[in-house]
Amino acid sequence: MKRIEREFAGRTLILETGRMARLAPGSCLVQFGETTVLCTAAVQNRPTHLPFFPLTVEYREKTYAAGKIPGGFFKREGRPGEKEILSARQIDRPIRPLFPEGFMNETQVVCNILSADQENDADTLALLGASVALNMSKVPFDTMVASVRIGRIRGTWVLNPTFQQLEYSDLDIVVTGSNDALLMVEGGAVEVSEEEIAEGLEIAHEGIRQLIEIQAELLEGLRQPTMEWEPQTSSSELTDRIEGMVGTRVREAMSIADKTARKEALSNVREELEGALEEELSDEEWSDASGEVGDIMRGLEKAAMRKQILDDGIRSDGRDMDTVREITCEIGILPRTHGSALFTRGQTQALAVATLGTSRDEQRIDSIDVQEEISKSFMLHYNFPPFCVGEARPMRGTSRREIGHGALAERAIQPLLPDYDDFPYTIRVVSDVLESNGSSSMASVCGTSLALMAAGVPLKAAVAGVAMGLIKEGDRTAVLTDILGVEDALGDMDFKIAGTRKGVTSIQMDIKVDGITREVLIDALGRARTARLHILDVMDSTLDAPKDELSPHAPRITSMQVNPEKLGEIIGPKGKTIRAIQDETGAKIDIEDSGVVKIAAVSGEAADRAREMIEAIVQDPEVGRVYEGPVKNTTTFGAFIEILPGVEGLCHISELADGRVEKTEDVLNRGDITRVKLLAIDEKGRLRLSRRAAIEEEGEQVAEVEAASRG
């Protein structure tokens with residue numbers, strides 16, 4: 001066993017190996033504060049026959065880590081939640097490009113959260129532990145990486161801020177890197193400038209280097225010999241042969257601007273190539289070569305695209321490096337929804353639809369990071385159906401990619417939403433990607449901004465996003481604005497930046513090379529700002545401010561403050577009273593322990609009626625006021641009349657009319673509606689009522705009310 005303790009970001013960091021999970025090829029226990037993560041790495045000895053590197057990363061939270069028992073019927077952890085999926089992606093994306101090319105042995109990294117102190121997030125610790133586990137194992141992985149979270153509180157940069165500190169931070173960004181370069185950036189900010197973002201990334205990289213030093217100290221003498229493996233690469237002879245047969249046609253196809261036409265041209269080239277090879281080669285030779293054709297064709301496509309950009313400065317669709325594709329925006333295209341927008345940029349299109357609800361529609365989240373269950377009043381869900389890329393494949397639930405892209409777009413919008421007290425709605429936006437040729441997540445940001453403003457949500461500012469790319473060959477680089485799908489797939493970087501005119505609100509960077517320099521990063525941020533301002537100009541020409549009125553189909557929410565001691569009267573026995581109000585008015589009523597009552601109704605009349613009924617329940621009887629109510633009971637000495645819900649008083653027989661009344665039923669019967677004046681409230685709280693005084697004050701109105709009640 002080997003264990004080291006060091007101070008990092010003002011807390012104790014512990015790295016340990018050799019005590020737990022000893023049969024795993026690599027394992028590391030990481031503790032920061034009292035948050036503890038066990039990370040393991042395992043690998044199969046034989047390569048897979050799959051056409052891609054089968055790396056899987058699992059990040060799993062154990063509820064016992066926070067002293068909790070899982071909810072639900074089965075009382076055990078089930079499928080990973082959104083936080084677990086997002087954290088797993090934060091580990092997967094930076095380490096995947098660091099495996100050697102041609103390594104195809106199935107590899108699995110598992111990070112289990114064993115203890116959660118509800119102060120320190122485990123996601124950055126898991127990446128650190130995964131790096132140690134991989135580097136000490138027999139897996140051919142020899143780059144030490146680390147991850148930190150960077151925040152800024154009142155102008156002071158903070159590494160790995162606690163959950164409590166993040167509440168006061170104007171940015172929350174996770175940065176992953178090696179000793180020499182950054183590998184991944186992901187997070188959100190409150191309209192922070194590009195220059196400040198770059199400064200924060202530089203400080204984060206300093207923290208990453210410190211963690212790599214600690215990691216190197218632990219790994220000294222622990223590295224296992226690298227396993228034997230053969231690179232699964234195509235033969236150079238077959239590659240040269242295919243290059244000679246179809247290289248020119250591939251380059252011609254890669255210069256076609258339209259995605260569908262380009263795919264069709266490449267498909268035709270491949271079909272003809274396979275047919276020609278099958279005729280020329282023996283059955284045994286073709287059997288060996290057929291599995292390599294796809295990889296070789298992909299390599300030719302990649303080389304053609306990159307050469308055209310670096311040599312000629314022209315992209316597949318004819319644009320230069322900085323031009324944004326043509327944009328069109330439409331709003332209000334769906335008549336019954338609360339807010340809708342169709343955002344189209346080139347061949348990427350997102351349909352964003354906003355729905356407003358009440359506090360009952362909030363998402364309830366049980367997290368190990370907090371002791372109590374928390375609620376979420378803004379949700380952005382991203383859907384990527386297969387038809388958006390012209391494919392037919394099974395639809396089996398929400399993918400990890402869809403969850404990740406939805407979270408990225410949600411972060412971009414969140415800082416611009418109005419305060420909940422000022423706009424007490426639960427908001428859900430669904431972005432359905434209808435066409436995709438690059439940067440559909442950023443199209444979702446733009447569409448969501450328009451849909452929310454079309455719904456009448458008072459956003460503080462419009463939000464737009466753009467994806468930047470990179471082509472890097474040796475010392476030659478080209479930064480691309482508003483990348484196409486092929487430039488994402490065959491390029492070296494996918495750098496998404498969203499924000500307003502004032503600054504950045506969401507950022508995500510993934511690269512496929514060993515790292516990028518600070519100069520390239522700053523260049524990309526500057527170009528992204530120029531593109532974002534252009535996109536915002538186009539969006540403003542369609543809708544430059546939130547609509548003044550909500551959709552006629554959206555609920556209107558009004559709030560009223562009542563005495564908390566009166567809440568029981570509003571609810572009634574077993575909820576009878578509040579259900580009756582909702583059934584009669586059609587409004588939805590939410591009650592908070594503080595005494596805040598929220599009334600939601602599509603029509604203003606329903607909301608007003610519900611408010612009146614609640615006010616009638618909570619108001620105290622006022623001496624001298626005339627009330628209207630039903631006769632609850634009659635006796636020989638008078639009638640008991642309910643003047644407020646649950647509040648009754650006695651109208652003595654002598655107060656029923658001017659003259660002498662022989663019998664109460666001669667004037668009032670049970671069930672009659674009448675008007676009476678409250679004369680007094682005695683020391684025991686009993687109410688003395690008078691029908692006679694009400695007649696003197698209101699004349700014939702009393703008789704009309706009674707006649708109407710009797711039909």
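Visitor: How do the residues lining the second largest cavity divide into nonpolar, polar and charged?
Guide: This is a predicted model. The second largest cavity has a volume of about 40 Å³. Its lining consists of Phe8, Leu13, Phe32, Thr124, Leu125, Leu128, Ser147, Asn160 and Leu211. By class, that lining gives six nonpolar, three polar and no charged residues.

Visitor: Which helix gives the largest share of that second lining?
Guide: Thr124, Leu125 and Leu128 are among the lining residues of the second largest cavity. The largest share of this lining is three residues. They come from helix H2 (residues 123–136).

Visitor: How do the residues lining the largest cavity divide?
Guide: The search of the whole structure finds three cavities of 30 Å³ or more. The largest has a volume of about 60 Å³. Its lining is made up of Arg11, Phe32, Asn120, Asp121, Thr124, Leu125, Arg149, Asn160 and Pro161. The split is three nonpolar, three polar and three charged.

Visitor: Where does helix H5 kink?
Guide: Helix H5 (residues 236–254) has 19 residues. A straight helix would reach 27 Å at 1.5 Å a residue, but the end C-alpha atoms of H5 are only 22 Å apart. H5 also has a kink of about 65°. The kink is centred on valine 246.

Visitor: Which residues of H5 are buried?
Guide: In an α-helix, with 3.6 residues a turn, residues three or four places apart point the same way. Valine 246, the centre of the kink in H5, is one of the buried residues. The full set is Leu238, Ile242, Val246, Gly247, Val250, Ala253 and Met254.

Visitor: What distance separates the end C-alpha atoms of helix H7?
Guide: Helix H7 (residues 283–312) has 30 residues. At 1.5 Å a residue, H7 should span 44 Å. The end-to-end value agrees with that: 42 Å.

Visitor: Where does H7 bend, and by how much?
Guide: The span of H7 agrees with the expected one. Even so, H7 has a bend, located at glutamate 292. The angle is about 40°.

Visitor: Which residue follows H7?
Guide: The helix covers residues 283–312. The residue after it has a positive phi, near 70°. That residue is glycine 313.

Visitor: Why is the pair of phenylalanine 637 and phenylalanine 640 edge-to-face rather than stacked?
Guide: A pair of aromatic rings is described by the distance of the centres and the angle of the planes. Here the centres are 6.3 Å apart. The planes stand at 85°, and over 60 degrees counts as edge-to-face. So the pair of phenylalanine 637 and phenylalanine 640 is edge-to-face.

Visitor: What is the relative accessibility of phenylalanine 637, and of phenylalanine 640?
Guide: Phenylalanine 637 counts as partly exposed. Phenylalanine 640 also counts as partly exposed. The value for phenylalanine 637 is 39%, and for phenylalanine 640 it is 26%.

Visitor: Which residues form one aromatic cluster?
Guide: The whole structure holds 10 aromatic pairs. One cluster brings together Phe53, Phe99, Phe103, Phe141 and Trp229.

Visitor: Is alanine 9 buried, partly exposed or exposed?
Guide: Alanine 9 sits in the loop between strand S1 (2–8) and strand S2 (11–17). Its phi is near 55°, positive although the residue is not glycine. Its relative accessible area is 31%. Alanine 9 is therefore partly exposed.

Visitor: Is aspartate 482 buried or exposed?
Guide: Aspartate 482 lies in the loop between strand S19 (476–481) and helix H10 (485–490). Phi of aspartate 482 is near 55°, a positive value in a residue other than glycine. Its relative accessibility is 0%. Buried means under 20%, so aspartate 482 is buried.

Visitor: What separation do the C-alpha atoms of arginine 532 and aspartate 482 have?
Guide: Arginine 532 belongs to helix H11 (residues 518–542). At 0% relative accessibility, arginine 532 counts as buried. Arginine 532 and aspartate 482 are 50 residues apart along the chain. Their C-alpha atoms are separated by 9.8 Å.

Visitor: Is cysteine 388 buried or exposed?
Guide: Cysteine 388 is in the loop between strand S16 (378–383) and helix H8 (400–413). Its relative accessibility is 7%. The cut-off for burial is under 20%, so cysteine 388 is buried.

Technical notes
Residues numbered from 1 in each chain as written. Predicted model: local features only at pLDDT ≥ 70, side-chain atom pairs only at ≥ 80, totals over all residues. Heavy atoms only, no water. 1 Å grid on protein atoms, 1.4 Å probe; cavity = no way out; pocket = protein on both sides within 12 Å on 5 of 7 lines; lining within 4 Å. Points joined across faces, edges and corners; volume = space filled by probe spheres on them. Nonpolar A, V, L, I, M, F, W, Y, C, P; charged D, E, K, R; others polar. Helix = DSSP H or I, 4+ residues; strand = E, 2+ residues; numbered from the N terminus. Expected span 1.5 Å × (residues − 1). Bend = angle between axes of the 7 residues up to and from the residue. Phe/Tyr/Trp six-rings, centres within 6.5 Å; stacked < 30°, edge-to-face > 60°. Buried < 20%, exposed > 50% of the residue type's maximum accessible area, 1.4 Å probe, protein only.
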